[in-house]
Amino acid sequence: MKDKYIGKVGSKERDDYEYELRMDVLGKMIKAARQERNLTQEELGKLVGVQKAQISKLESSTNSATIDTVLRVFKALKADINFNVKIENSFVRLA
C-alpha cells in the first residue's frame, strides 16, 4: 500500500515519508520521557542548553535535530537511547 500511495522504497517521496515518521516517533518519545520526569519544556531546555522553543520543536517534529542535540536531550532526561545500523544483512548496535 505504501508503494502505491507514497512511493516505492528508495524514491524521494518514500524517503521523505519515512524520515517524517521517524521524527514524529522521536518527538513523542522525548515528550513522554520529559513528562515522566515531571519536567517542563523550559526546564529540559535549561538542562540541555537550548531554548524552550527548541524542545517544543523537537517534540512536535517541526524541525530536524542533530544527533548531538538528541543525545543531549536523552542524557538530560537520564534515558538510554540506542541506535541500530543495518549493514547488508547484519546489524551494528551503537549504544
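**Exercise 1. The nonpolar core**

Which residues of the largest nonpolar core touch the most other members? Work this out for the predicted model shown above, then trace the core back to its helices.

*Solution.* Start with the membership: the largest nonpolar core holds 15 residues. Those touching the most other members are Leu26, Ile30, Leu44, Val48, Ile55, Val73 and Phe74. Next, look at where the core comes from: at least two residues are supplied by each of α2 (12-36), α3, α4 (52-60) and α5. Finally, pick one member and follow its contacts. With neighbours within four places in sequence left aside, Leu26 is in contact with Val70 and Phe74.

**Exercise 2. A helix pair**

Describe how helix α3 (residues 41-48) packs against helix α5 (residues 67-76).

*Solution.* Two numbers come first, since a packed helix pair is described by the angle between the axes and the distance between them. For α3 and α5 the angle is about 110 degrees, and the axes are 9 Å apart. An angle of 65 to 115 degrees counts as roughly perpendicular, so α3 and α5 are roughly perpendicular to each other. The crossing of α3 past α5 is right-handed. Now list the residues that make the contact: α3 brings Leu44, Leu47 and Val48, while α5 brings Arg72, Val73 and Ala76. Sorted by class, this contact has five nonpolar residues, one charged residue and no polar ones.

**Exercise 3. Two buried residues**

Is Gln41 buried or exposed, and what does Gln41 contact? Then treat Ile81 in the same spirit.

*Solution.* Gln41 lies in helix α3. The cut-off for buried is under 20% relative accessible area; Gln41 has 16% relative accessibility and therefore counts as buried. Setting aside neighbours within four places in sequence, Gln41 is in contact with Arg34, Lys52, Ile55, Ser56 and Glu59.

Ile81 sits in the loop between α5 and β1 (83-87). Its relative accessible area is 17%, so Ile81 is buried. For a distance check, take Ile81 and Leu71: they are 10 residues apart in sequence, and their C-alpha atoms are 7.6 Å apart in space.

**Exercise 4. Positive phi**

Examine the backbone at Asn38 and Lys78, and say where each residue lies.

*Solution.* Take Asn38 to begin with: its phi is positive, about 55 degrees, although Asn38 is not a glycine. Asn38 lies in the loop between α2 and α3 and is exposed, with a relative accessible area of 67%. Turn next to Lys78, another non-glycine residue with a positive phi, near 55 degrees. Lys78 is in the loop between α5 and β1. With a relative accessible area of 70%, Lys78 is exposed.

Conventions
Residues numbered from 1 in each chain as written. Predicted model: local features only at pLDDT ≥ 70, side-chain atom pairs only at ≥ 80, totals over all residues. Heavy atoms only, no water. Axes fitted to C-alpha atoms, helices over the stretch in contact; angles between N-to-C directions. Helix = DSSP H or I, 4+ residues; strand = E, 2+ residues; numbered from the N terminus. Parallel < 35°, antiparallel > 145°, perpendicular 65-115°, else oblique. Left-handed = near helix turned anticlockwise from the far one by under 90°. Contact = heavy atoms within 4.5 Å. Nonpolar A, V, L, I, M, F, W, Y, C, P; charged D, E, K, R; others polar. Buried < 20%, exposed > 50% of the residue type's maximum accessible area, 1.4 Å probe, protein only. Core = buried A, V, L, I, M, F, W, Y, C linked by side-chain atoms within 4.5 Å.
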